[in-house]
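Q: Could you take a close look at one part of this structure for me? I would like to understand the sheets, the helices that pack against them, and what surrounds the ligand.

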Amino acid sequence: MNTADNAPSILRQKDPEVATWLQREDKRQATTLTLIASENHCSAAVREASASRITDKYAEGYPGKRYYGGCEVADGVEELARQRAMQLFAGAEDANVQPHSGTTANLSALLALAGAGGRIVGMMLKAGGHLSHGHDKSHTGMVFQAKQYGVDGTGRIDLDEVRKVCKEHQPKVLIAGGSSYARNIDYAAFAAIAKEVGALLLADIAHPAGLIAAGVIPSPVGIADVVTMTTHKTLRGPRGGMILAKKEIAKQINSSVFPGSQGGPLVQQIAGKAVAFGEALRPEFKAYQQQVKANAAFLAERLMAAGLDLVTGGTDNHIVLVDLRKTDVTGAQVEERALAAGLSVNKNAVPGDPRPPMVTSGLRLGTAAVTTRGFGRDQIATIADVIVGLVRGGDAERFRATIQGLCEAFPLPR
Ligand SMILES: Cc1ncc(COP(=O)(O)O)c(C=O)c1O
């Protein structure tokens with residue numbers, strides 16, 4: 001078990017209180033299976049880079065043009081991350097690896113392209129979009145004039161509705177992408193709608209970035225004007241954001257990240273991103289992403305065979321969104337039962353959900369983290385059966401030993 005190996009011994013000596021918390025987290029992860037679609041387990045190499053001494057360095061500005069001295073190493077690390085990012089996402093003309101998060105990446109890109117008070121259109125949170133796509137509780141819904149589109153009765157994006165909302169609202173930026181959308185997105189169709197109304201297209205690939213980098217599902221790079229993402233979900237890097245932009249808007253985007261939205265970049269996270277992109281350029285990463293996708297498809301098949309409904313009736317990526325409306329349980333109840341069994345999942349609204357966000361009628365599952373642990377069909381079959389059992393009211397304690405057995409047989413990567 002790698003909990004003891006990972007225990008930060010200097011930290012334990014200097015600050016046992018924090019060390020104990022972090023050790024508890026090591027143990028929690030080691031003894032739980034993560035099916036939260038936005039989480040993954042990054043490598044020890046990524047964690048080492050992100051915990052390195054470069055965290056001390058201020059490096060406001062960009063490689064070769066910094067507001068501080070002593071940035072030659074920060075320059076080298078950032079340029080390496082940028083070059084690897086552009087190699088990974090074929091066709092990318094510029095990469096900004098500084099955004100602290102996916103939300104900052106979106107806010108920076110939207111401010112650059114729409115301007116404060118500008119009009120934007122994105123997918124509703126309830127339909128599978130993200131808060132930072134113009135939700136009224138997000139600054140993106142306050143700073144911009146935002147209108148949102150939903151999905152059709154089957155849970156799929158309705159391009160006619162997207163066009164209708166765009167024609168009415170005349171946005172400067174149209175956003176394609178979501179947080180709980182299990183299907184491929186027709187980026188060319190989105191680009192055509194954006195063109196029709198004179199908007200720029202922002203593709204937010206925070207969730208499927210790893211699948212896209214590996215060429216396992218279609219890429220918006222080269223189609224969308226700007227592509228934003230997080231680096232810590234399927235891409236399996238450190239926590240953070242990234243923006244890929246067409247050359248003609250790169251300068252605007254870069255100024256919007258710094259000095260517009262952030263001060264000094266988190267150079268240690270940029271080092272971690274460089275390591276993760278290096279890992280993603282290796283052939284094993286493609287095989288990993290193929291398995292992520294195959295595991296999600298099999299999980300979907302198995303849950304449906306057991307009688308559960310899925311939004312859109314399946315998946316094209318790593319996400320499976322279970323619609324619990326025909327059962328007698330809520331998303332919150334299943335989340336709680338799953339945790340008791342050792343499965344980390346999250347309740348999630350389904351399109352048209354009558355229940356509030358803290359309850360919901362859905363369960364969002366993702367296969368990125370368990371595939372990192374080495375899961376294949378047999379293990380996916382087991383967890384599908386456990387989930388069905390939990391939904392049908394089975395005693396969580398009954399499944400605990402099964403999940404523990406899987407955790408021990410498939411330890412966290414080192
Ligand atoms: C589509 C999408 N965009 C942006 C984000 C925001 O990322 P962060 O949590 O790093 O701000 C997320 C996070 O879940 C996301 O799913």
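A: Here is a walk through the seven-stranded sheet, the ligand shell, and then the four-stranded sheet with its helices. Please keep in mind that this is a predicted model.

Let's start with the sheet of seven strands. This sheet is open, and its strands follow the order E4-E10-E9-E8-E7-E5-E6 with mixed pairing. At its edges are strand E4 (94–96) and strand E6 (145–149); each has a single partner strand, so one side of each is left without a neighbour in the sheet. From one strand to the next, the twist averages 20 degrees. For a look at one pair inside the sheet, take strand E7 (residues 173–176) and strand E8 (residues 200–204): they run parallel and are joined by four bridges. Ile 175 has Leu 202 in E8 as its bridge partner.

Helix H6 links this sheet to the ligand part of our tour. H6 packs on the sheet, where it touches strand E5 (119–123), E7, E8, strand E9 (226–230) and strand E10 (241–245). The direction of H6 makes about 160 degrees with that of E9. Helix H6 (residues 102–114) also gives the most to the shell around the ligand, contributing three residues. In total, 15 residues surround the ligand, and the closest are Ser 101, Gly 102, Thr 103, Ser 179 and Ala 206. By class, the shell holds 13 polar residues, one nonpolar and one charged.

Now for the other sheet. Four strands make up this open sheet, in the order E11-E12-E15-E14, and their pairing is antiparallel. Strand E11 (309–310) and strand E14 (346–347) are the edge strands, each pairing on one side only. E14 is joined by two bridges to strand E15 (residues 362–366), and the two run antiparallel. Here Lys 347 stands opposite Leu 363 in E15. Helix H13 (residues 283–305) lies across E11, strand E12 (319–323) and E15, and runs at about 20 degrees to E12.

Finally, there is a helix pair to look at. Helix H14 (residues 331–341) packs with helix H16 (residues 377–391) at an angle of about 130 degrees, their axes 9 Å apart. That angle makes H14 oblique to H16. The crossing of H14 past H16 is right-handed. On the H14 side, Val 334, Arg 337, Ala 338 and Ala 341 meet Val 386, Leu 390 and Val 391 of H16. The residues of this contact comprise six nonpolar, one charged and no polar.

Key
Residues are numbered from 1 along each chain as its sequence is written. This is a predicted model: local features need pLDDT of at least 70, side-chain atom pairs count only at pLDDT 80 or more; totals for chains, interfaces and linings use all residues. Two strands pair if DSSP finds at least two bridges between them. Two residues are in contact if their C-beta atoms, placed from the backbone, lie within 7 Å. Axes are lines fitted to C-alpha atoms, for helices over the stretch in contact, and angles run from 0 to 180 degrees between N-to-C directions. Angles under 35 degrees count as roughly parallel, over 145 as roughly antiparallel, 65 to 115 as roughly perpendicular and the rest as oblique. A crossing is left-handed if the near helix is turned anticlockwise from the far one by less than a right angle, and right-handed if clockwise. Ala, Val, Leu, Ile, Met, Phe, Trp, Tyr, Cys and Pro count as nonpolar, Asp, Glu, Lys and Arg as charged, and the others, Gly among them, as polar. A residue is near a molecule or strand if its C-beta atom, placed from the backbone, lies within 6 Å of it.
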